[in-house]
Amino acid sequence: MKVAKFGGSSLATSTQLQKVIKIIRADSKRKAIIVSAPGKRFSGDQKVTDLLIKYAQLVLAKEPVTEVQQQILARYQEIATGFDLPASEFQPISEHILNLPNQTYKNDAYLLDAFKAAGEDNNAKLIAAILNHLGVPSHYLSPSESGLVVSDHPGDAQVLEESYAKLATFKKSKKILVIPGFFGYTENGDICTFSRGGSDITGAIFSRAFKAELYENFTDVNAIYAADPHIVPNPEPIDHLTFREMRELSYAGFSVFHDEALIPAIEGGISVRVKNTNQPTKPGTLISARKIYDAKKPISGIASDAGFLGIYIRKYLMNKQVGFVATILQILAKHHVSFEHIPSGIDDLTVIIRESELTPELEPKVLHDIREAIHPDDLRIIHNYALVMIVGEGIQDHIGMMAKATNSIAQSGVSIVTLDHGASPVSIMFGVREKDAQNTVRGLYKTFFKADK
Ligand SMILES: Nc1ncnc2c1ncn2[C@@H]1O[C@H](COP(=O)(O)OP(=O)(O)O)[C@@H](O)[C@H]1O
Ligand SMILES: N[C@@H](CC(=O)OP(=O)(O)O)C(=O)O
């Protein structure tokens, strides 16, 4: 069997859903369908998830909600009307959305997650009802029924290992399973969502649980491209990526596939194919454990992501002090700050952290603790960092990749703030100023993908 996940762009309107239903019907192996909430219909439109966040914020601020409720309901109503779904089938969906403020929640974070989750939950109910209405036997499988149990972290939950045994029992279903992406229930019965874009994770979890022969991830592009198409015009499509290449690329900004979604796929050895709902006959991009790469193309892709800061620390003879890095990490752990990278030299190191982790309130506390604990010769925070990553299985086998990349960045007139190469054999990471990130990507793309043409 195959697990197929359809993203918000594939489910934004009744016309899009027509294409999705055609895809489901075209292959009887597509037995588990993971759905996102309706996404953007056009550029500048609002995703239902974002409308639900607005709805939650208005409720918390005790402000009127009628307008946003109507905006959300209109999105589902357009889809239902497009399939002539009887009003009685639509009623539970509108009731769920209208009643969200009347439930009790442990605190604001759980309230927000319950609102966000309603986007995928109601879309799954709606799509199952439409499929049944069209004569395709389907079953809406909620996480409470399936046993998708997640950690108690609102907005950033992780699947608990014990979920898999129960989930696996649904593989035998005769009906098509329509499963809402993006959320699960904690052991205490509260809704917690994955991080944004997390329906990809739900698809991967079910692929592993069902030992699927393939996890198909349907979106709105023909392939994963060698660079973000918003940055590089008409980038080359990638036909095959390894899991580790994809993880590095999605971590560093390829928003087409969630970086955490690779983990259940890797654990279960499930290959993933990213395909276009609008052009389903195109091959898309395959992601699997291994690949044979073209020696002329050592680099598979170039990604960039903004929103990082670096804590720069200099301490002469740092390399002679046992436990120096451990002390810094303990301070970060004490303040619940997670870090991303630690490039280091003999006397210097930079701890790279997402700006969202080290809030302006925490910043002076962390700096104070570092100063007290290690008496650095220099201690500074550099804000507005972006990471640019070149990724490819060929990096480890080719001499001169670093020289070629740094030369390209210099040609773009960009100064490198930090770099890291070695921790992963398939990537080289450059820290640059946010304002320079897109230029850097364009220059590197020209160097590695256009130079031979
Ligand atoms: N390297 C890349 N290749 C393809 N798409 C990319 C890349 N980087 C970013 N994207 C963006 O990812 C989008 C698809 O992901 P997403 O918006 O999450 O879709 P969905 O709604 O199907 O989940 C594309 O429309 C494209 O703008
Ligand atoms: N709807 C959620 C989860 C998700 O995965 O959506 P999409 O498949 O449209 O990226 C979000 O916007 O974050």
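**Exercise 1. Determine the handedness of the crossing of helix 13 and helix 14, and describe their contact.**

Step 1. The crossing of helix 13 and helix 14 is right-handed; a crossing counts as left-handed if the near helix is turned anticlockwise from the far one by less than a right angle, and as right-handed if clockwise. Helices (H or I, at least four residues) and strands (E, at least two) are DSSP runs, numbered from the N terminus. The model is predicted: local features need pLDDT of at least 70 and side-chain atom pairs count only at pLDDT 80 or more, whereas totals for chains, interfaces and linings use all residues. Residues are numbered from 1 along each chain as its sequence is written, while chains are lettered from A and ligands numbered from 1 in the order in which they are written.

Step 2. The axes of helix 13 (residues 401–411) and helix 14 (residues 437–450) cross at roughly 130 degrees and come within 9 Å. Axes are lines fitted to C-alpha atoms, for helices over the stretch in contact, and angles run from 0 to 180 degrees between N-to-C directions.

Step 3. Helix 13 and helix 14 are therefore oblique to each other; angles under 35 degrees count as roughly parallel, over 145 as roughly antiparallel, 65 to 115 as roughly perpendicular and the rest as oblique.

Step 4. Helix 13 contributes Lys404, Ala405, Ser408, Ile409 and Gln411, which meet Thr440, Gly443, Leu444 and Thr447 of helix 14. Residues are in contact if their C-beta atoms, placed from the backbone, lie within 7 Å. This contact divides into 3 nonpolar, 5 polar and 1 charged residues. Ala, Val, Leu, Ile, Met, Phe, Trp, Tyr, Cys and Pro count as nonpolar, Asp, Glu, Lys and Arg as charged, and the others, Gly among them, as polar.

**Exercise 2. Analyse the packing of helix 3 and helix 4 in the same way.**

Step 1. The axes of helix 3 (residues 66–82) and helix 4 (residues 87–99) come within 10 Å, with a crossing angle of roughly 165 degrees. The two helices are therefore roughly antiparallel to each other, and helix 3 passes helix 4 in a right-handed crossing.

Step 2. On helix 3 the contact is made by Gln69, Ile72, Leu73, Tyr76 and Ala80, and on helix 4 by Phe90, Ile93, Ser94, Ile97 and Leu98. By class, this contact has 8 nonpolar, 2 polar and no charged residues.

**Exercise 3. State the strand order of the 5-stranded sheet and identify its edges.**

Step 1. The order in this open sheet is 14-13-15-17-16, with antiparallel pairing; two strands pair if DSSP finds at least two bridges between them.

Step 2. Strand 14 (348–354) and strand 16 (418–421) stand at the edges with a single partner strand each, so one side of each lacks a neighbour in the sheet. The twist averages 35 degrees from one strand to the next.

Step 3. Strand 13 (residues 301–314) and strand 14 run antiparallel and are joined by 7 bridges. Phe308 stands opposite Arg354 in strand 14.

Step 4. Helix 9 (residues 243–251) lies across strand 13, strand 15 (378–391) and strand 17 (427–433), and runs at about 135 degrees to strand 15.

**Exercise 4. Identify the closest residues around ligand 1 and classify its shell.**

Step 1. Ligand 1 is surrounded by 19 residues, of which Gly7, Ser9, Thr219, Asp228 and Val256 are the closest; a residue is near a molecule if its C-beta atom, placed from the backbone, lies within 6 Å of it.

Step 2. The shell around ligand 1 comprises 7 nonpolar, 10 polar and 2 charged residues.

Conventions:
Two residues are in contact if their C-beta atoms, placed from the backbone, lie within 7 Å.
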